[in-house]
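Colleague: Could you take a close look at a single part of this model, one that shows how its elements are packed, and then set that part in its wider context? A connected account would serve better than a list of values.

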Amino acid sequence: MKGLFYFSSFLFFVTNVFSQGDRLKADALFLAGYHMQALNEYLKIEKTESSDVEIKQRIGTCYLNIHDNKAKAIPYLEYCLKQGKYKNTLLLELAQAYHYDYKFKEAISYYNKYREKASSKEAALADHYLETCENAKALMKQPVNVTFENLGKDINTKFADYYPFVTHDQGTLYFTSRRDENTGKVVDYNGYYTSDIYFSKVKGGEWSKAKKMPPTINTAENEQCVGISGDDNTI
């Protein structure tokens, strides 16, 4: 509960102390790592300050750090690059944005430009990203036929449902969700509800309506199922 107290205190601080201006509020949220909330503020500000380079870059940075289409960062970061004055990290962010958009030629070009002025540690990171780009290019030449199926309203919602795991006997499904009915109904720092673990069992050949794990497992903070043991006794 300590994390929830700090989060609530911070939002109270931002809402009240920084009520004197949206920019101040947006900057406070951004520097604290609340990228979803900061993005919402910066997008409002950008409507009237469309030539502000720092706002453009921070919008791009926010898109790279939230669960959204990260390619949305590209036009904002490209705008900053065209202005001529930028830090080397802009090249890294632009490379990552193109990387997420499967535009590996552009990503590789920016990774290499970033690497030219990077420290040895930063260069090693760039080399890792360059390797993943080359691996992705090779893998995409041999695509695998994979399909994803929505399991319907008894399992899936409009919120993030992820990390599905099925027991060895194929009878029980465990997964994680950030839906609005979660314990405590608390909004996390990233703008989404805190995560809870859900389960569903097969009944009559169909998955039953998903239920939350009991409060001995789910709390108002984040719980996520990331695996099941081979004997199905431990998640």
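Modeller: What follows begins with the chain as a whole, turns to one helix and its surroundings, and closes with the strands.

This is a predicted model, in which local features require pLDDT of at least 70 and side-chain atom pairs count only at pLDDT 80 or more, whereas totals for chains, interfaces and linings use all residues. Residues are numbered from 1 along each chain as its sequence is written, and side-chain values use heavy atoms, with hydrogens and water left out.

The protein chain contains 8 helices and 5 strands; these are DSSP runs numbered from the N terminus, helices being H or I with at least four residues and strands E with at least two. Read from the N terminus, the order is α-α-α-α-α-α-α-α-β-β-β-β-β. The C-alpha trace spans about 65 × 55 × 30 Å along its principal axes. Of the 235 residues, 38% count as buried, a term that denotes under 20% relative accessible area, with exposed over 50% and partly exposed in between (1.4 Å probe, protein chains only). Among contacts (heavy atoms within 4.5 Å) at a separation of 6 or more, 46% come from residues 24 or more positions apart.

The part chosen for the close look is helix H5, residues 73-82. Because 7 of its 10 residues are buried, H5 is largely enclosed by the rest of the structure. The buried set consists of Ala73, Ile74, Tyr76, Leu77, Glu78, Cys80 and Leu81. These residues pack against four helices: H3 (35-46), H4 (53-64), H6 (88-100) and H7 (104-116). Just after H5, glycine 84 adopts a positive phi of about 95°.

The neighbours of H5 may be taken in turn. H3 is itself largely enclosed by the rest of the structure, since 9 of its 12 residues are buried: His35, Met36, Gln37, Ala38, Leu39, Glu41, Tyr42, Ile45 and Glu46. As for its length, the expected span of a helix is 1.5 Å times one less than its number of residues. At 1.5 Å a residue, the 12 residues of H3 should therefore span 16 Å, and its end C-alpha atoms are 16 Å apart, which agrees. Glutamate 46, a residue of H3, has 14% relative accessibility and so counts as buried. Leaving aside residues up to four places away in sequence, glutamate 46 touches Ile55, Lys56, Ile59 and Tyr76. Tyr76 is one of the buried residues of H5.

H6, another neighbour of H5, also packs with helix H8 (residues 120-140), at an angle of about 20° and with the axes 12 Å apart. That makes H6 roughly parallel to H8. Here axes are lines fitted to C-alpha atoms, for helices over the stretch in contact, and angles run from 0 to 180 degrees between N-to-C directions; angles under 35 degrees count as roughly parallel, over 145 as roughly antiparallel, 65 to 115 as roughly perpendicular and the rest as oblique. The crossing is left-handed, meaning that the near helix is turned anticlockwise from the far one by less than a right angle, clockwise being right-handed. At this interface Leu92, Gln96 and His99 of H6 meet Tyr129, Thr132 and Cys133 of H8.

H7, which likewise packs against H5, contains asparagine 112. With 36% relative accessibility, that asparagine counts as partly exposed. Its C-alpha atom is separated by 9.0 Å from that of leucine 91, 21 residues apart along the chain.

The strands complete the context. Strands S1 (161-166) and S2 (172-177) run antiparallel and are joined by 4 bridges; two strands pair if DSSP finds at least two bridges between them. Aspartate 161 has serine 177 in S2 as its bridge partner. S1 and S2 form a hairpin with 5 residues between them, and glutamine 170 in the turn has a positive phi of about 65°. A further 6 bridges join S2 to the antiparallel strand S3 (196-203), in which tyrosine 198 is the bridge partner of phenylalanine 175. S2 is covered on both faces, with Thr172, Tyr174 and Thr176 buried on one side and Leu173, Phe175 and Ser177 on the other.
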